[in-house]
Amino acid sequence: MIFVVAVILFFIIFCIFDIITPDKYPVGPKRFPLFGSYLEIRKLRKKLVFYHLVWDHLAQQFGQVFSVKLGRIEAVVVSGYDAVRQVLCKDDFDGRPDGFFFRFRAFYKRLGIVFVDGPVWTEQRKFCMQHLRKMGLGGDLMERLISEEVNDLMLDIKKRSNNGNKQIEVYGLFDVSVLNGLWTMLAGQRFNLYDAKLAKLMELVHVSFRMLDMSGGILNQMPFIRYLAPKCSGYRDIEHILNEFYSFLRGSVEEHKHEVSDEDDLICAFLKEIEKNKESTKSFSEEQLLVLLLDLFLAGSETTGSTLSFVVLHLLRHQDVQAKVHAELDAMVGDREVLLSDKNKLTYLEATLMEVQRHSNVAPLAIAHRTVRKTSLQEYIIPNNTLILASIWSVHMDKQHWGDPETFRPERFLDGSGKIINDSWFIPFGIGRRRCLGEVLAKTNVFMFVAKLLQNFELRVPNGVQLPTNHQEGVTISPSPFSALFIPRRHHLHNHQNNKI
Ligand code: HEM
């Protein structure tokens with residue numbers, strides 16, 4: 001009897017503590033013991049589909065900084081330029097969330113680069129930047145690598161499009177080519193455009209990005225759900241996807257171990273670092289290498305591929321913009337090969353790419369951050385270990401700043417003399433210490449792919465085809481599948497043969 005009373009009492013106390021919030025903590029939707037605001041968020045998600053729209057809806061009700069209990073996770077959602085900037089730039093918010101899902105994907109440890117913080121993150125980020133630079137990041141070698149990938153893809157599109165008569169599916173079109181640039185730096189290896197193993201992996205990337213969200217999904221919010229509903233909760237699928245990935249990555253690492261090579265790709269450099277640091281407490285281990293590769297593979301492929309698909313979608317929708325890009329390319333580059341150094345001259349193209357990133361918001365909520373100590377944000381006190389979701393979308397779509405954020409208008413990034421306006425409200429790669437590690441690579445990829453694509457092709461909507469207006473939700477946003485006609489631009493055809501494009 002005493003035992004039963006004690007259990008009931010304990011449960012009541014647990015329930016009270018589970019829903020009370022500290023002093024000066026932001027308000028938010030009603031929370032319930034165990035499940036937090038899960039049911040309300042689920043209802044809103046059904047209606048609004050996208051998480052960033054759910055957060056926008058709640059921000060209108062509770063303010064630009066509000067709290068929400070996501071199952072077991074205490075979170076604060078931040079919108080608007082000032083609050084988002086503060087969160088992304090202040091060290092107190094530099095952590096990444098911990099929790100079941102983040103450990104599940106990393107051998108039940110805190111490994112990799114995206115979901116670690118503290119000394120491990122500092123060491124791994126420094127290592128990655130040094131070695132990616134050594135492998136050409138930001139230099140001529142990277143330009144050459146990407147150029148070759150783009151040229152290969154242009155040839156393929158030309159062949160497959162049958163002189164512009166056959167439509168081509170755009171979703172996934174850039175997958176292998178984009179990944180090849182990155183994978184060459186990481187593993188010194190590239191794949192054939194039709195490599196079946198890679199196609200399967202990329203499909204798994206797409207699936208996993210659609211299954212999850214920035215908080216780690218239901219598995220992180222209510223880890224016990226994996227016992228109750230291993231299939232419906234996505235636990236089984238994620239387990240399968242991780243197994244496939246790690247088996248591929250392990251294969252690559254093993255190949256490197258047996259290769260005697262002077263090549264210093266990232267895997268080689270990392271293996272040498274493991275040897276060097278065998279006796280030390282440094283964060284170099286084989287499991288760390290595998291999760292680091294997984295992080296870079298995932299962070300680098302889906303984001304860039306989706307951005308490129310959005311560029312095509314916008315140029316199909318806005319033929320006037322496409323015509324201006326064509327005119328600029330013809331005037332500034334003509335028939336010769338496009339170079340990375342042309343970027344400064346192709347300002348209308350650059351403004352178009354910026355507008356695509358602003359309007360499409362491929363990473364609308366950055367990557368979740370976490371407070372590493374008790375801190376303040378505006379008039380609020382945020383406890384240590386709070387998950388922070390910063391809405392980049394809210395900054396990119398702010399009506400007061402942009403005037404007409406819903407309108408696709410590249411000119412907003414150009415001044416009266418046609419020069420690029422570097423607007424501090426444009427933050428597709430985040431800002432601060434945790435900003436995107438692959439920004440230079442992503443920008444080069446997007447520029448080179450689009451410039452060469454538009455130099456060589458006119459993009460048209462196939463007869464009778466409706467362009468999608470609904471996008472796909474997940475960790476990042478990508479357009480729903482659609483196809484396009486790639487019409488060779490006549491005056492470049494001669495040049496294609498000379499330049500093998
Ligand atoms: C258009 C393409 C891309 C976009 C829009 C993008 C966007 C972002 C954003 C918004 C963040 C989060 C910043 C934050 O949490 O504060 C991020 C982080 C990151 N990105 Fe990218 N990214 C792109 C391409 C890439 C590429 C190509 C790589 C590959 C090297 C990459 C690797 C990373 C990594 C490793 C992080 C985590 C950095 C850290 O936690 O220290 N990204 N990216």
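In this predicted model, Ala83 has a relative accessibility of 0% and therefore counts as buried, the limit for that class being under 20%. The residue belongs to helix H4, which spans residues 81-89. When neighbours within four places in sequence are set aside, the contacts of Ala83 are with Val65, Val78, Leu377 and Gln378. Of these partners, Leu377 is 294 residues away from Ala83 in sequence, yet the two C-alpha atoms are 7.4 Å apart in space.

Two of the strands that precede or border this region form a hairpin. Strand E1 (residues 65-70) and strand E2 (residues 73-78) run antiparallel and are joined by six bridges, one of which pairs Leu70 with Ile73 of E2. Two residues lie between the strands of this hairpin, and Gly71 adopts a positive phi near 60°. Strand E2 also pairs with strand E7 (residues 387-390), in this case in the parallel sense and over four bridges, with Val77 of E2 having Leu389 as its bridge partner in E7. Strand E2 is mostly covered, since five of its six residues are buried.

A separate set of strands forms an open sheet of three members in the order E3-E11-E8, with antiparallel pairing. Strand E3 (168-169) and strand E8 (457-460) are the edge strands, and because each has a single partner strand, one side of each is left without a neighbour in the sheet. The pairing of E3 with strand E11 (residues 483-488) is antiparallel and extends over two bridges; in one of them, Ile168 is matched with Ala484 of E11. Helix H19 lies across E8 and E11, and its direction is at about 90° to E8.

Helix H19 (439-456) also serves to locate the protein donor to the iron, because Cys436 is found in the loop between helix H18 (399-402) and H19. The SG atom of Cys436 is the only protein donor of the iron atom of the ligand, at a distance of 2.3 Å.

Among the helices, H12 (residues 235-258) takes part in two packing arrangements. With helix H14 (residues 286-317), the axes come within 10 Å and cross at roughly 115°, and the crossing is right-handed. On the H12 side, this contact is made by Leu242, Phe245, Tyr246, Phe248, Leu249, Arg250, Val253, Glu254 and Lys257, while H14 contributes Glu286, Leu289, Leu290, Val291, Leu293, Leu294, Phe297 and Leu298. Classified by residue type, the contact of H12 with H14 comprises 13 nonpolar and four charged residues, with no polar residue.

Helix H9 (residues 196-211) likewise packs against H12, at an angle of about 145° and with the axes 10 Å apart, but here H9 passes H12 in a left-handed crossing. The residues of H9 in this contact are Lys197, Lys200, Leu201, Leu204, Val205, Val207, Ser208 and Met211, and those of H12 are Asp237, Ile238, Ile241, Glu244, Phe245 and Phe248. By class, the contact of H9 with H12 has nine nonpolar, one polar and four charged residues. Phe245 and Phe248 of H12 are listed both in the contact with H14 and in the contact with H9.

Conventions: Residues numbered from 1 in each chain as written. Predicted model: local features only at pLDDT ≥ 70, side-chain atom pairs only at ≥ 80, totals over all residues. Heavy atoms only, no water. Donors = N, O, S within 2.8 Å, 3.2 Å for Na, K, Ca; no water. Axes fitted to C-alpha atoms, helices over the stretch in contact; angles between N-to-C directions. Left-handed = near helix turned anticlockwise from the far one by under 90°. Contact = heavy atoms within 4.5 Å. Nonpolar A, V, L, I, M, F, W, Y, C, P; charged D, E, K, R; others polar. Pairing = 2+ DSSP bridges. Buried < 20%, exposed > 50% of the residue type's maximum accessible area, 1.4 Å probe, protein only.
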